[in-house]
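Let's take a walk through this fold together, starting with the whole chain and then zooming in on a few spots. Have the viewer open as you read.

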Amino acid sequence: MQTIHEKDIEEFLLATKQFLNNHDEKDAPKQRILSLLTIKFPCDEYLMLYTKDHDGNIVLVALVTHDPSKKFSMWVSYDTTDQLEATQSLCNYLLSNGYSHYIHGIISDQPTASYFSELWNDVNTTTPLQLLRVERSYSMDSILPSALSYTSSIQGYLEIATLEDLELATEWFGNFLSDTKDQQRGTHTDEEKHDHQQSIKKGIQCQMLYFLKIDSEPVSMISKSYSTLMPQSEHIGMVFTPEDKRNHGYGTKIVTLFSELLLSNPDNHHVSIVTSMNNPHSNYVYQKVGFQKLSDQWHYRLEGVEN
């Protein structure tokens, strides 16, 4: 097998079009790769790779992206019975061509992610890849009547966030990140807090952030994501309810109202969401609303590199 690094996004899309457009809605990495490519990111800072089998067919696509802190993650999708051989080709290419500094983590199905990490750790013994978490992707095309009935008795209305909400939304976003990383709250650096504020400000300006309010008081927060997991869909990126507002059904209420809003757009056939398998409550809430499992993704991260 042969792994190829394509530096031009248009050429990459042309080469991988058939592979990526062969939609399997349960292949979250494939859908995320396609979504990230279509929003035209600055591709000179990323790695776009694909692996061909011995007959010249593309059997694996990998996209290395990074977050604002320059922590790189690699999304990998495969379509071959020779999954391990394709994964080995990808790993060998990255190591032999000096791209090891790009890889801070890998996100894929369990066999691909674990085998890549095993190969990687054979070479990089000082900074091995370790399992960070397992996430589950969900999708929904209609809200369960039982969820609509349940949430009708819970107070609250949905309201779009404005720049007047920037300070509160930034604080809640920081707490959300701490919760997802099992970190103590209030430990973010000034640089991280600045990044949080810029992310929230952009979300507000793009009208992607909403609150659940009771008598004008915010009790929960939710946002859309810039990328999606599948065509003709919207992706929910964040759901957060502060501790003193929990156990009142506000999380279920805001997810139901926001999903209802997103599905009211005739262009949206689905709403998707991703949550950690370490958070049984969120998994319960999303299924209660009507979300159904798509797939699980294994996240491996370099030891010593924070998520």
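**A walk through the chain**

The protein chain exposes an accessible surface of about 15,000 Å², with 46% of that belonging to carbon and sulfur atoms. Areas here come from the Shrake-Rupley method with a 1.4 Å probe, and for residues only the protein chains shown count as cover. Before going further, keep in mind that this is a predicted model: local features need pLDDT of at least 70, side-chain atom pairs count only at pLDDT 80 or more, and totals for chains, interfaces and linings use all residues. Numbering runs from 1 along each chain as its sequence is written, and side-chain values use heavy atoms, with hydrogens and water left out.

How confident is the predictor? pLDDT is its confidence in each residue, on a scale from 0 to 100. The chain has a mean pLDDT of 84, and 84% of its residues reach 70 or more. Among the elements, helix α2 (residues 28-38) sits at the bottom with the lowest mean, 66, while β8 has the highest, 97.

As for the overall make-up, the chain has 9 helices and 12 strands. Both are DSSP runs numbered from the N terminus: helices are H or I with at least four residues, strands are E with at least two. Of the 307 residues, 52% are buried; buried means under 20% relative accessible area, exposed means over 50%, and partly exposed is in between (1.4 Å probe, protein chains only). Now look at the contacts, meaning heavy atoms within 4.5 Å. Among those with a separation of 6 or more, 73% are between residues 24 or more positions apart.

Helix α7 is a good place to zoom in. This helix covers residues 190-205, 16 residues in total, and reaches 22 Å from its first C-alpha to its last, close to the expected 22 Å. That expected span is 1.5 Å times one less than the number of residues. Which residues of α7 are buried? They are H196, I200, G203 and I204. These residues cover an arc of only 100° around the axis, so they end up on the same side of α7; the arc is that of the directions from the helix axis to the C-beta atoms. The general rule behind such patterns is that an α-helix has 3.6 residues a turn, so residues three or four places apart point the same way. The buried residues of α7 pack against α6 (166-180) and β8. Turn to the other side of α7 and you'll find D190, E191 and Q205 exposed. Just after the helix comes Q207, with a positive phi near 55°.

Next, the charged pairs. Side chains of opposite charge can pair when their charged atoms come close. A salt bridge here is a side-chain nitrogen of Lys or Arg within 4 Å of a carboxyl oxygen of Asp or Glu, and by that rule there are 6 of them. One of them joins E159 and K213, 2.7 Å from N to O. E159 lies in strand β7 (residues 157-160) and K213 in strand β8 (residues 209-214), so the pair ties together parts that are 54 residues apart in sequence. The two partners sit in unlike surroundings: E159 is partly exposed at 31% relative accessible area, whereas K213 is buried at 8%.

Another salt bridge pairs K245 with E217, at 2.6 Å from N to O. This pair links distant parts of the chain, with K245 in the loop between β10 (233-240) and α8 (250-263) and E217 in strand β9 (residues 217-224), 28 residues apart. K245 is buried at 17%, and E217 is partly exposed at 38%. Then there's E234 with K224, where N to O is 3.8 Å. E234 lies in β10 and K224 in β9, so this bridge ties together parts 10 residues apart in sequence. E234 counts as buried at 15%, while K224 is partly exposed at 23%. Salt bridges with shared partners also join R136, K293 and D296 into one network.

Finally, swing round to two loops. Where is D215? It's in the loop between β8 and β9. Though not a glycine, D215 has a positive phi of about 50°, and this residue is exposed at 70% relative accessible area. In the loop between β10 and α8 you'll find N247. N247 isn't a glycine either, yet its phi is positive, near 70°, and at 79% relative accessibility N247 is exposed.

Notes: pLDDT is the predictor's confidence in each residue, from 0 to 100.
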